[in-house]
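Here is a set of short exercises to work through with the structure open beside you. Try each task before you read its solution.

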Amino acid sequence: MEKRLLENIEPKEVFYFFEEISKIPRGTGNEKAVSDWLVKFAKDRGLYYLQDEKFNIYIRKEATKGYESRPGVIFQSHMDMVCEKKEGARHDFLKDPINIVVEGDKITARDTTLGGDDGIGMALTLALLDSDTIEHPLLEAVITVDEELGMTGAECFDAGMLEGDIFINLDSDDDGVFVVGSAGGPTVSAHIPIEWENGGEGVSYMLSVTGLLGGHSGEDIHRERGNANKLISRVLDAMERTAEFEMAYVNGGVMCNAIPREARALLLVKESNVLKLKEVADEYSKIYANEYRLSDKGLTLSFEPFESKVERVFSKKTKESVISFGCLCETGIIRMNLEFENVVESSNSLGTVTTGEESVKFTFVTRSSIESMYRNMVYKIDRLAKIFGGYMCKEYDCLEWPYDPENRIKKIFESIYMEFFGREARSVVLHTGLECGIIGRNVGRKIDMISMGPECKDLHMPGEWLSIESTKRYWSMLAEVLRRV
């Protein structure tokens, strides 16, 4: 009989499904297997379901006796996860299950992201649908694909079929914090064209920025963690001011919506200039150690010989354009929210830099709860790219979810939270994208919306963890909400 790591951890009904989900590879773009598994879940229980062409899932469970006239409740989560792993880890996200580890109150994963975002949202939803003891009104579950990169699942889902009047998104991660609005903004890429030349005389050197903490490009942006792509651009700028070198590529970051933890540039350096550039690298290693001593203690800057021979390099114009764009583009907080204390209103995050055959691609996630602010960020990226002979493309879009001060469901949650746990909950506008804005628009009528979820931290990075006790609290609270709506 298969041994289950979480079988004795309460709430057992929730962690059973969380462990089952964790066995199925489900990185963004690879959701079919988990979508089919959700179909089987619904079939096995005789529940009405739909699986659309994008592999979004809709499941419906009729109201229990006496609750037929109550407002229906829609639970929404997403099935994809961010796939990040430690350098050197052999985990294959296309075929390997997540290697779950329990450390006290924390459920985490060995060497990879956990997928608590948003595996725990799915698990809570499935446990509610599976229960034959919790009284409830009409329940509708919407589980979407591609939340992490573009929210195209939510965009393509036919929200007009939904009948419920209360919408509960299970994709937030702070215990005692209820989200009543979220930021929007497009993910865009700037392309700086490459002119290639044959490499000259010299030796190959790899400039590397590694060991940064990273994190979620929206939820962690206020923590002032280092951005590897910006840090390597800054060193390249200092090197260019000191001695000549040629550049073969620059690459950094793994996911556009994660703060990049590593970046590398392959350089071709004349022997006579190696020592000068080493001195710059040593200087900036000390500078970064001081500047990021609190946020990124593991930061490492290295400049080491590289075995591979450099056959071709950027032209001088391309090198200058790429370094200049990397230095001048915005990343980090743009403005704080004046309506909600300690909440970011607008930010921009340079997520990935990729050297291709024709261009160096810089990918940004713009975020704001105000449409005019993220539009201005996009315009600035576009104008900066044009200055260096490049262009900008929109990759994905995320619609903001405007705050509704008359939201009624948040009062129910706040009341139950105080009654059950003896402390006040906060309601905030979240500085990250949620599918609420898209689905709320596509429903075509006014519905009360809220986003919440148990404590789940260090998202989008190895070391991501989920709190067991917080999950237990939210399970009991959700059951009570269904009795009171």
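One thing before the first exercise: α8 is followed by G389, a residue with a positive phi, near 75°. Keep in mind throughout that this is a predicted model.

**Exercise 1. Work out which face of α8 is covered, and by what.**

Step 1. Find the helix: α8 runs over residues 371–387, which makes 17 residues. From first C-alpha to last it reaches 25 Å, close to the 24 Å expected at 1.5 Å a residue.

Step 2. Pick out the buried residues, using under 20% relative accessible area as the cut-off. In α8 these are M373, Y374, M377, V378, I381, L384 and A385.

Step 3. Now look down the helix axis. The buried residues of α8 fall within an arc of 140°, so they line one face of the helix. The general background helps here: an α-helix has 3.6 residues a turn, so residues three or four places apart point the same way.

Step 4. Turn to the other side of α8, where Y379, R383, K386 and I387 are exposed.

Step 5. List the partners of the buried face. The buried residues of α8 pack against one helix, α7 (316–328), and against strands including β9 (187–193), β18 (332–336) and β19 (344–355). They also pack against β20 (359–368) and β21 (391–396).

**Exercise 2. Find out how many residues of α5 are buried, and what caps its N-terminal end.**

Step 1. Helix α5 covers residues 228–240, 13 in number, and reaches 18 Å, close to the 18 Å expected.

Step 2. Count the covered positions: 10 of the 13 residues are buried, so call α5 mostly covered. Among them are A228, N229, K230, L231 and I232. Further along α5, S233, V235, L236, A238 and M239 are buried too.

Step 3. Look at the N-terminal end. The cap on α5 is N227, with a side-chain oxygen 3.0 Å from the backbone nitrogen of N229.

**Exercise 3. Decide for V82 and for D130: buried, partly exposed or exposed?**

Step 1. Place V82 first: it sits in the loop between β3 (73–78) and β4 (100–103). Its relative accessibility is 3%, so V82 counts as buried.

Step 2. Check what V82 touches. Setting aside neighbours within four places in sequence, V82 is in contact with T113, E148, M255, N257 and H460. V82 and H460 are 378 residues apart in sequence, yet their C-alpha atoms are 5.6 Å apart in space.

Step 3. Move on to D130, which belongs to helix α3 (residues 116–130). With 34% relative accessibility, D130 counts as partly exposed.

Step 4. Apply the neighbour rule again: leaving aside residues within four places in sequence, D130 is in contact with F17, F41, R45 and K61. R45 is 85 residues from D130 along the chain, and their C-alpha atoms are separated by 7.6 Å.

**Exercise 4. Step back and judge how compact the whole chain is.**

Step 1. Tally the secondary structure: 11 helices and 25 strands.

Step 2. Compare radii. The chain has a radius of gyration of 24 Å, close to the 23 Å that the globule rule gives for 485 residues, so it is as compact as a globular protein of that length.

Step 3. Add the box: the C-alpha atoms fill roughly 85 × 55 × 45 Å along the principal axes.

Step 4. Finish with burial and contacts. Of the 485 residues, 58% count as buried. Among contacts with a separation of 6 or more, 80% come from residues 24 or more positions apart.

Definitions and conventions: Residues are numbered from 1 along each chain as its sequence is written. This is a predicted model: local features need pLDDT of at least 70, side-chain atom pairs count only at pLDDT 80 or more; totals for chains, interfaces and linings use all residues. Side-chain values use heavy atoms; hydrogens and water are left out. Helices (H or I, at least four residues) and strands (E, at least two) are DSSP runs, numbered from the N terminus. The expected span of a helix is 1.5 Å times one less than its number of residues. Buried means under 20% relative accessible area, exposed over 50%, partly exposed in between (1.4 Å probe, protein chains only). The arc is that of the directions from the helix axis to the C-beta atoms. Contact means heavy atoms within 4.5 Å. The radius of gyration is taken over C-alpha atoms; the globule rule is 2.2 Å times the number of residues to the power 0.38. A polar contact is a pair of N or O atoms within 3.5 Å; within protein, one must be able to donate a hydrogen and the other to accept it, and residues adjacent in sequence count only if both atoms are side-chain atoms.
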